[in-house]
Amino acid sequence: MSGVLYKIINEILNVEDLKFLELGLGGGGGGTFRKINCKHKRGVDTLPIEQIGMDLEGQIFCPMTTDDYFSSGTQEKFDIIFIDACHEYTHVLKDFNNSTKCLNPGGVIFIHDLVPIDANHTQLHLSGDGYNLLYHLWQIGYKNVITMNTDCGLTMFLRPKEQVSPPEENKFVSYDKLMEEYSKRKIYSEDEMTALLIAHFGEQQ
Ligand SMILES: C[S@@+](CC[C@H](N)C(=O)[O-])C[C@H]1O[C@@H](n2cnc3c(N)ncnc32)[C@H](O)[C@@H]1O
């Protein structure tokens, strides 16, 4: 669960007018989904509606896997997409590529848990091994990857366009290797990420 994303997003000037999609809401409808001030929201989760919260039934909640959601033929587009469902590398990659196709021009994607707090947190039920995606994106020089120094490496992608192919051999790196690369990269504070996001949506107006 992201503890800060809703605060960052709610700082955007015209946040009410933006369309928000969250992949993986969490029990109770999540700590993020309910707190985001966008008027138009959609959430996808495999949990039954009883665990998500009955008030989210219907239009805004899709009780299904993210794969089923994207293959449902939906034409809906969003300004902000938050990926926080299955934390397995190949699945995060698939959610990322599918999300890029559902973004409005100038849209933004966030992914949670790309920097687990320690090696123990790379277990699937914690942050998982989705960090391999971040490592891969750094290696291929993917543009505008903004990773924060807290909140399990909450990562923001401004205007992501390119589809990302997995490494040729299905290469997984160790947690230590990720941290070695992390120490060489520009990593953003919450304030810096917030400022970039506000400026980004300011430019769209
Ligand atoms: C970490 S929780 C989400 C927390 C939430 N995003 C927040 O910020 O509070 C992960 C959620 O993803 C859901 N999930 C896992 N795999 C999924 C999949 N393949 N499709 C849809 N939802 C999935 C789980 O049921 C769980 O509720």
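The expected span of a helix is 1.5 Å times one less than its number of residues. With that rule in hand, we can take a friendly walk through this predicted model, starting with one of its helices.

**Helix H7**

Helix H7 runs over residues 190–204, and its 15 residues should therefore span 21 Å. The C-alpha atoms at its two ends are 22 Å apart, which agrees with that expectation. Three residues of H7, Met193, Leu197 and Phe201, are buried. They sit on the same side of H7, because the arc they cover around the axis is only 60°. Turn to the face pointing away from this buried side and you will find the exposed residues Asp191, Ala199, Gly202 and Glu203. What do the buried residues of H7 pack against? Their partners are helix H1 (5–10) and the strands S5 (103–111), S6 (145–147) and S7 (155–158).

**The nonpolar core**

The largest nonpolar core counts 49 residues. Ile80, Ile81, Ile83, Ile109 and Phe110 have the most contacts inside this core. Phenylalanine 110 is worth a look in your viewer. Setting aside neighbours within four places in sequence, phenylalanine 110 is in contact with Leu5, Phe82, Ile83, Leu154, Thr155 and Met156.

**Around the ligand**

The ligand is surrounded by 18 residues, and the closest are Met1, Gly24, Gly26, Thr32 and Asp84. How does this shell divide by residue character? Six of its residues are nonpolar, nine are polar and three are charged.

**Three loop residues**

A few loop positions deserve a stop as well. The table places them side by side.

| Residue | Loop | C-beta neighbours inside 10 Å | Class |
|---|---|---|---|
| Threonine 65 | between S3 (61–63) and H3 (66–70) | 16 | partly exposed |
| Aspartate 113 | between S5 and H5 (131–140) | 26 | buried |
| Asparagine 144 | between H5 and S6 | 13 | partly exposed |

Aspartate 113 counts as buried because 20 or more neighbours are enough for that class, and aspartate 113 has 26. Its phi is near 75°, a positive value in a residue other than glycine. Asparagine 144 also has a positive phi, near 60°, and is likewise a residue other than glycine. With 13 neighbours, asparagine 144 counts as partly exposed.

Threonine 65 brings in a partner from elsewhere in the chain. Although threonine 65 and alanine 85 are 20 residues apart in sequence, their C-alpha atoms are 8.7 Å apart in space.

Terms used. Residues are numbered from 1 along each chain as its sequence is written. This is a predicted model: local features need pLDDT of at least 70, side-chain atom pairs count only at pLDDT 80 or more; totals for chains, interfaces and linings use all residues. Helices (H or I, at least four residues) and strands (E, at least two) are DSSP runs, numbered from the N terminus. A residue is buried if 20 or more other C-beta atoms lie within 10 Å of its own, exposed if 12 or fewer, and partly exposed in between; C-beta atoms are placed from the backbone. The arc is that of the directions from the helix axis to the C-beta atoms. Two residues are in contact if their C-beta atoms, placed from the backbone, lie within 7 Å. A residue is near a molecule or strand if its C-beta atom, placed from the backbone, lies within 6 Å of it. Ala, Val, Leu, Ile, Met, Phe, Trp, Tyr, Cys and Pro count as nonpolar, Asp, Glu, Lys and Arg as charged, and the others, Gly among them, as polar. A nonpolar core is a set of buried Ala, Val, Leu, Ile, Met, Phe, Trp, Tyr and Cys residues joined through C-beta atoms within 7 Å.
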